[in-house]
Amino acid sequence: AATGARGNASLTVVTNESPALGSCASSPGYGEALSTTFRLSCSGWNDADTPLRYRFQIIETAVVKSASLTSSSPNSSYSTSNSPIIITLCEFRELSFFDTTLVAPIPPSTILTIRATIADSLDA
């Protein structure tokens, strides 16, 4: 090896980006549990790695009321539980919509959140 010899190398890494620029909605925007059929749909999502796949889930989060008493007046506050329940309505599939009736929250003070996850063919 020569004294003072130098070398260098470079490596370019291209990362896979997630689908972008889309939106998701529910139609109708409100209804009655177990009787209204909701269409959960996503549109406008773009990604070079097609086909895109869609998964729809419900996240149930209980709302907990806590009360504290002070010398002047009682105070109440609300918080969410630390252990939400995730219910998968449909696993990843190429259809960008899903029709469903929603469960009745138990207890009634539960927040239902609909989550859509969009993935490309490389799972980003």
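In what follows, Ala, Val, Leu, Ile, Met, Phe, Trp, Tyr, Cys and Pro count as nonpolar, Asp, Glu, Lys and Arg as charged, and the others, Gly among them, as polar. With that division in hand, the largest pocket of this predicted model can be described by the residues around it: eight of its lining residues are nonpolar, three are polar and one is charged. The lining is made up of Ser26, Gly29, Tyr30, Gly31, Glu32, Ala33, Phe38, Leu40, Leu102, Val103, Leu112 and Ile114, and the elements that contribute two or more residues to it are strand 2 and strand 7, the latter spanning 110-119. The volume of this pocket is about 160 Å³.

Strand 2 also takes part in the cysteine chemistry of the model, where the count comes to one disulfide. This bond joins Cys24 to Cys42, with a distance from S to S of 2.2 Å, and the link is right-handed, with 105 degrees about the S-S bond. Because Cys24 lies in strand 1 (residues 23-27) and Cys42 in strand 2 (residues 37-43), the pair ties together parts that are 18 residues apart in sequence.

The two partners differ in their surroundings, since Cys24, at 39% relative accessibility, counts as partly exposed, whereas Cys42, at 5% relative accessibility, counts as buried. Cys90, by contrast, is in no disulfide, and the nearest cysteine sulfur, that of Cys42, is 9.6 Å away; a pair would have to lie within 2.5 Å to be counted. Cys90 is nevertheless buried, with a relative accessible area of 8%.

Methods:
Residues numbered from 1 in each chain as written. Predicted model: local features only at pLDDT ≥ 70, side-chain atom pairs only at ≥ 80, totals over all residues. Heavy atoms only, no water. Helix = DSSP H or I, 4+ residues; strand = E, 2+ residues; numbered from the N terminus. Buried < 20%, exposed > 50% of the residue type's maximum accessible area, 1.4 Å probe, protein only. 1 Å grid on protein atoms, 1.4 Å probe; cavity = no way out; pocket = protein on both sides within 12 Å on 5 of 7 lines; lining within 4 Å. Points joined across faces, edges and corners; volume = space filled by probe spheres on them.
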